[in-house]
Amino acid sequence: MSNTDTAARQLDRLRVAVVGAGAIGGVLGARLQQAGHDVTFIARGATLAALKTRGLVLESVDGNLTLPSVQVTADPSTLGVVDIVLVCVKATQIASLAPSLRPLVGPSTAVIPVQNGVEASGLLAAALGEGNVLEGLGRVLVEQVDPGHILHTAVTPIVEFGRRAGAPVQSAAYVQIDRFAAALRGAGLVAILPDDMGVALWEKFLFIEPIGAVGAAARVPFGVVRSVPESRALIDAALHEVRKVGQAVGVAWPADSMVRVWARYDSLPPDGSTSLQRDLMAERPSEFDAQTGAVVRIGRAHGVPTPVHDVLYAVLLPTAQRATY
């Protein structure tokens, strides 16, 4: 028996639908396909056309990859039930998109969102069922250069996922947690299964939202916005607001969460920026409502004042509303 035959027999091959073939969807889907899993991208517009005609190109710090042929469709109903639905679209698209994913979901299907924000899994669960939707998040520095062309500049992709707070204690979909973790690791990616996904989700939100919103308002990269005392103080005030909003919804913040966020901010590449900032500055559709808007919205719902975010929201909203596809 050849080494290839042995590897094929050892691989627990998953059927994976990657919803959204942009930045994070492109890199995760490409690596899973490279590892031998049955991956289908769900895409639209220019990305759909590019994947159909040219495949997918990944320029990556973990090694470049060209996939001349990928499975792609605009219609989830053509796939049938899959093992994993990896939802990689922008958070603001989820509410309208979620119902179309129902044909993909069987009794043991796990639906895992990996975008920024803290509301995605709740929207998916409302449309697809509490027992099928896991909490999830992704960590990676990646962007879509052109349709079908992904640039991965730093951090081996990390996917953290697990049971949603308040979801059923037992669900057939939970069998996919260990299977998908093994698939990610076998593809050279990092899988983390936190004990408390609520804390993990909000810790990422604490990291990504304040510096992204302030950076977008200031229109300068990490190195500048963290170095000017006034903008650094503004980021710090925004961080404290996110912590207070998180506390109001039950997040048990680790005592050192602020220290660790600032350590990460100060280690970021000086010329870098968040996807929120890049999208707003380019007047592209962004996750503005799911990030800065969510802080304001959740704060109001729980009686938590958010004066810094109120101003950031008012300043950035006209730009967000000018976004075009």
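Axes here are lines fitted to C-alpha atoms, for helices over the stretch in contact, and the angles between them run from 0 to 180 degrees between N-to-C directions. The model on screen is predicted.

**Stop 1: H7 and H9**

Select helix H7, residues 197-218, together with helix H9, residues 229-248. The two axes cross at roughly 145° and come within 9 Å. The crossing in which H7 passes H9 is right-handed.

Show side chains next. On the H7 side, display Trp202, Phe205, Leu206, Glu209, Pro210, Ile211 and Val214. Their partners in H9 are Ser231, Leu234, Ile235, Ala238, Leu239, Val242, Arg243, Val245 and Gly246. Coloured by class, this contact shows 12 nonpolar, 2 polar and 2 charged residues.

**Stop 2: H9 and H10**

Keep H9 and add helix H10, residues 257-267. Here the axes come within 11 Å, with a crossing angle of roughly 140°. H9 is therefore oblique to H10. H9 passes H10 in a right-handed crossing.

From H9, select Arg232, Ile235, Asp236, Leu239, His240 and Arg243. From H10, select Ser257, Met258, Val261, Trp262, Tyr265 and Asp266. The class count for the contact of H9 with H10 is 6 nonpolar, 2 polar and 4 charged. Ile235, Leu239 and Arg243 of H9 can stay displayed from the previous stop, since they belong to the contact with H7 and to the contact with H10.

**Stop 3: H7 and H13**

Return to H7 and bring in helix H13, residues 307-321. The axes of this pair lie 10 Å apart, and the packing angle is about 45°. That angle makes H7 oblique to H13. Their crossing is left-handed.

The H7 residues to pick are Glu209, Ala213, Val214, Ala216 and Ala217. They meet His309, Leu312, Val315 and Leu316 of H13. By class, the contact holds 7 nonpolar, 1 polar and 1 charged residues. Glu209 and Val214 of H7 take part in this contact and also in the one with H9.

**Stop 4: the second largest pocket**

Hide the helix pairs and centre the view on Val118, Glu135, Gly198, Trp202 and Val249. Of the 18 residues that line the second largest pocket, these are the closest to its centre. The pocket encloses about 350 Å³ of space.

Which elements give two or more residues to the lining? They are helix H5, residues 120-128, and H7. The largest share, 5 residues, comes from H7. The lining as a whole divides into 10 nonpolar, 4 polar and 4 charged residues. Trp202, one of the residues closest to the pocket centre, is also a member of the H7 contact with H9.

**Stop 5: the cavity**

How many cavities of 30 Å³ or more does the structure hold? There is 1. The space in the largest cavity is about 30 Å³.

To outline the largest cavity, select Pro113, Gln115, Gly117, Val118, Glu119, Ala120, Ser121, Glu135, Gly136 and Leu201. H5 and strand S8, residues 135-146, each supply at least two residues of this lining. Its classes are 4 nonpolar, 4 polar and 2 charged. Val118 and Glu135 line the cavity and are among the residues closest to the centre of the second largest pocket, so a view that shows both sites can be built around that pair.

Key: Residues numbered from 1 in each chain as written. Predicted model: local features only at pLDDT ≥ 70, side-chain atom pairs only at ≥ 80, totals over all residues. Heavy atoms only, no water. Helix = DSSP H or I, 4+ residues; strand = E, 2+ residues; numbered from the N terminus. Parallel < 35°, antiparallel > 145°, perpendicular 65-115°, else oblique. Left-handed = near helix turned anticlockwise from the far one by under 90°. Contact = heavy atoms within 4.5 Å. Nonpolar A, V, L, I, M, F, W, Y, C, P; charged D, E, K, R; others polar. 1 Å grid on protein atoms, 1.4 Å probe; cavity = no way out; pocket = protein on both sides within 12 Å on 5 of 7 lines; lining within 4 Å. Points joined across faces, edges and corners; volume = space filled by probe spheres on them.
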